[in-house]
Amino acid sequence: MATLRQLEYFATVVDTGSFTQAAHRLRVTQPALSHQMRALEQAVGGPLLERLPRTVRLTPMGRAMLPHARAALADVKRAQSAARQAGGLEAAELHLATLYSITLGVLPAVLRIWRQQHPGTQIRLFEHWHTNRLTAAMAAGEADLAVGPPPSGWDGPIHDIGIDEFVIVVPADDPATSDQATHIELTALADRAWVHFPPGNGLGDILDQACAAAGFQPRIAVRTEQTSAAPLLAAVGIGPTLVPAHIIPAGFDGRLLRPHPPVRRTLTAYTRTSPDPLTTAFIHTLTQHARLLPPHLQTLLHTQNSHHPHPTPPTP
């Protein structure tokens, strides 16, 4: 049976890419490290690493085992932290994995309330560009809790937060819209060059899927990695963009339009196993205080919900 020490040795060799560097980091001799790795490989029934002249390479068996090894080590670390907290040795710390857009638009108000209620705790954020990377990182033991779209095939608990509405951003004087317009057909923007996102960014996937459903592929005016920059670029006329409504600040001087058909995604909080009391308390604060639709946009979006009640939700 594999031991936690062997799993730590295995993960460290992978992280450093070298038995020599791993032994130095772990403060053990290289023969002792090699012996433990051989014992681990014998226990699991096959080679985990391919020894190359200057580095090491994971075998298929090693690739399959690595996320489980990391998850086991992370669980041990959290167990130690909980024990120390109970003994008064350290403050509690919650590890939270999420998407960049959620950090920008949803979490600030939640974290403000959380800090008021739990001033002795710390939050460490792990942020990702895409739902797939968020889910993979969470499965590998990166955090106690993930906040994002519902993960596919997830075995652990999942808690609904609400529906994330997307809006089109154009300049205030955009010629394609009238002063009274509150929504727009995506086909009306088919000839535009868009403010887009880099490949691998989940918001870019949502934009592409919405445009594809409308029958066109968006041309690119500019790609930005900064979620908050996209509506600013769109507002000055670089091109339209599609972003979550919750990232738009009050007083924004661009024009906001609800796409038809509506673009939405469900947001959830999920854990690998039943959450501990600290994580449970944060989930409660999150579900009670997360504002996915800012007050300054509620009139716009609620009005249009009555006209177009059947959205096509994105998946990234």
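**Figure 1. The whole chain at a glance.** Of the protein's 316 residues, 47% count as buried. What you're looking at is a predicted model, and its secondary structure adds up to 11 helices and 12 strands. If you take the contacts with a separation of 6 or more, 76% of them are between residues 24 or more positions apart. As for the outside, the accessible surface comes to about 15,700 Å², and carbon and sulfur atoms make up 53% of that surface.

**Figure 2. Helix α3 and its buried face.** Helix α3 covers residues 30–44, which makes 15 residues. At 1.5 Å a residue, the helix should span 21 Å, and its end C-alpha atoms are indeed 21 Å apart, so the two values agree. Which residues of α3 are buried? They are Leu33, Ser34, Met37, Leu40 and Glu41. Look down the axis of α3 and these buried residues fall within an arc of 120°, so they line one face of the helix. Over on the other side of α3 you'll find Pro31 and Gln42, both exposed. Just past α3 comes Gly45, with a positive phi of about 90°.

**Figure 3. Thr12 in helix α1.** This close-up picks out one residue of helix α1 (residues 4–16), namely Thr12. Is Thr12 buried or exposed? Its relative accessibility is 9%, and buried means under 20%, so Thr12 counts as buried. A polar atom of the Thr12 side chain sits 2.7 Å from the backbone oxygen of Glu8. Setting aside neighbours within four places in sequence, Thr12 is in contact with Ala22, Arg25 and Leu26. Take Leu26 from that list: this residue is 14 residues from Thr12 along the chain, and the two C-alpha atoms are separated by 7.9 Å.

**Figure 4. A stacked pair, Tyr100 and Trp129.** The count of aromatic pairs in the model comes to 3. In one of them, the rings of Tyr100 and Trp129 have their centres 4.0 Å apart and their planes at 25°, so this pair is stacked. Where do the two partners lie? Tyr100 belongs to helix α5 (residues 100–105), while Trp129 is in the loop between β4 (122–128) and α7 (131–139), so the pair ties together parts that are 29 residues apart in sequence. Tyr100 has a relative accessibility of 31% and counts as partly exposed. Trp129 is partly exposed too, with a relative accessible area of 28%.

**Figure 5. An edge-to-face pair, Trp154 and Tyr270.** Here the aromatic pair is Trp154 with Tyr270, edge-to-face, at 4.9 Å centre to centre and 65° between the planes. How many residues apart are these two? They are 116 residues apart, so to speak a link between distant parts of the chain: Trp154 is in the loop between β5 (145–148) and β6 (158–170), and Tyr270 is in strand β12 (residues 264–270). Trp154, at 16% relative accessibility, counts as buried. Tyr270 is buried as well, at 0% relative accessibility.

Notes:
Residues numbered from 1 in each chain as written. Predicted model: local features only at pLDDT ≥ 70, side-chain atom pairs only at ≥ 80, totals over all residues. Heavy atoms only, no water. Helix = DSSP H or I, 4+ residues; strand = E, 2+ residues; numbered from the N terminus. Buried < 20%, exposed > 50% of the residue type's maximum accessible area, 1.4 Å probe, protein only. Contact = heavy atoms within 4.5 Å. Areas by Shrake-Rupley, 256 points an atom, 1.4 Å probe, with all protein chains shown as cover. Expected span 1.5 Å × (residues − 1). Arc of directions from axis to C-beta. Polar contact = N/O pair within 3.5 Å; in protein donor to acceptor, adjacent residues only side chain to side chain. Phe/Tyr/Trp six-rings, centres within 6.5 Å; stacked < 30°, edge-to-face > 60°.
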